[in-house]
Amino acid sequence: MMKINFQDALQTTTAPKASLGQEAQTPDGRIWRYVQDSSAGMTKGHVAIPAAVTAVATTISSSTNASSQIVYITKASAGWTVGAFANGWGLIDLGTVTGQHFRIRTNTTDTLILYPEYALGTALSTDSTMSIYTPYVVRKAVVTTKISNAQGIAQVTFAASEYGWVLRFGPGVVIAGEVLTVGGSFVTGDDTAGEVVKGTTAKGEFDEQTLGRCLVANSAADLGALVDVDIQ
């Protein structure tokens, strides 16, 4: 696993310093994941979840590279930000070749460029639609949702579009919307974006994603608690 120092883990930048999704370990054994904020920023202690899935309607088309691999998917006049879907995943979810999935190397304003290893097996037709999932382009956890595929917890404030590391394993701070119970679990689902609440008794991973255990409870709602993060 990649090694980083404490300064790296607690620094954000406007340009990437690692690959999105890269995991790394600091000298104290904590594990981090490299992400980019897609929202208006995250506060220290906010839970980071993937940005919303991008749905792309019909009239997409595909084309091949010099090796006859189907690695280009085009949506005319899409207006995408160049590179916005780099290392993301896609699924053809309706129409011709429904069920095929792929990984995106990068994108132009109107074309996805796939990794050759994930080239489509069959050309698309005008009835095909797709969804694009970018797990490492993140936003703070949305309200009331307890299953959110959390990527980590920010241990430093992120400004909009900044890159940095979020904590996945080990001691850290999280902002809780209610006073947590020492030794008890915590999950997303507060009524304030990015914040957590206590885990529910007798609930499992099917019902809510456990993010770790509380070490030192917050003194009041909407304040930081010391927790042992364990995001699988």
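## A walk around the model

Start by selecting Arg 30, which counts as buried at 16% relative accessibility. Keep in mind as you go that this is a predicted model. Now add Asp 28 to the selection: the side chains of Arg 30 and Asp 28 meet in a salt bridge, 2.8 Å from N to O. Asp 28 is partly exposed, with a relative accessible area of 42%. Why do the two get different labels? Buried means under 20% relative accessible area, and partly exposed runs from there up to 50%, so Arg 30 at 16% is buried, while Asp 28 at 42% is partly exposed.

**More salt bridges**

The count comes to 4 salt bridges. For another one, select Glu 23 and Arg 168, whose side chains meet with 3.2 Å between N and O. This pair links distant parts of the chain: Glu 23 sits in strand E2 (residues 23–25) and Arg 168 in strand E14 (residues 163–176), 145 residues apart. Colour by accessibility if you like: Glu 23 is partly exposed, at 24%, and Arg 168 is buried, at 8%.

Next, pick Glu 208 and Lys 146. They form a salt bridge too, with the closest N and O atoms 3.8 Å apart. Here again the pair links distant parts of the chain, 62 residues apart: Glu 208 is in the loop between E16 and E17, and Lys 146 is in the loop between strand E12 (137–140) and strand E13 (152–154). Which of the two is buried, Glu 208 or Lys 146? Glu 208 counts as buried, at 3% relative accessibility, whereas Lys 146 is partly exposed, with 28%.

Then go back to Glu 23 and Arg 168 and show Arg 33 as well: salt bridges that share partners join Glu 23, Arg 33 and Arg 168 into one network.

**Two threonines with positive phi**

While you have the E12–E13 loop in view, select Thr 144, which lies in that loop. Its phi is near 65 degrees, a positive value in a residue other than glycine. Most residues other than glycine have a negative phi. Thr 144 counts as exposed, at 58% relative accessibility.

Now jump to Thr 59, in the loop between strand E5 (54–56) and strand E6 (60–64). Phi of Thr 59 is positive too, near 75 degrees.

**The largest pocket**

What lines the largest pocket? Select Pro 16, Ala 18, Leu 20, Gln 36, Thr 81, Val 82, Gly 83, Ala 84, Ala 86, Val 137 and Tyr 163, and you have the lining. The pocket has a volume of about 170 Å³. Colour the lining by residue type and you should get 8 nonpolar residues, 3 polar and no charged.

**From E16 to E17**

Move on to Thr 200, in the loop between strand E16 (196–198) and E17. Thr 200 counts as partly exposed, at 32% relative accessibility. Put a distance label between its C-alpha and that of Gly 184: the two are 16 residues apart in sequence and 9.4 Å apart in space.

For the last stop, select Leu 215 in strand E17 (residues 212–216). Leu 215 is partly exposed, with a relative accessible area of 39%. Add Val 216 and Leu 226, then turn on the surface: together with Leu 215 they make a nonpolar surface patch of about 240 Å².

Methods
Residues numbered from 1 in each chain as written. Predicted model: local features only at pLDDT ≥ 70, side-chain atom pairs only at ≥ 80, totals over all residues. Heavy atoms only, no water. 1 Å grid on protein atoms, 1.4 Å probe; cavity = no way out; pocket = protein on both sides within 12 Å on 5 of 7 lines; lining within 4 Å. Points joined across faces, edges and corners; volume = space filled by probe spheres on them. Nonpolar A, V, L, I, M, F, W, Y, C, P; charged D, E, K, R; others polar. Patch = residues over 30% accessible without salt bridge, like charges linked within 9 Å, V, L, I, M, F, W, Y side chains within 5 Å. Areas by Shrake-Rupley, 256 points an atom, 1.4 Å probe, with all protein chains shown as cover. Helix = DSSP H or I, 4+ residues; strand = E, 2+ residues; numbered from the N terminus. Buried < 20%, exposed > 50% of the residue type's maximum accessible area, 1.4 Å probe, protein only.
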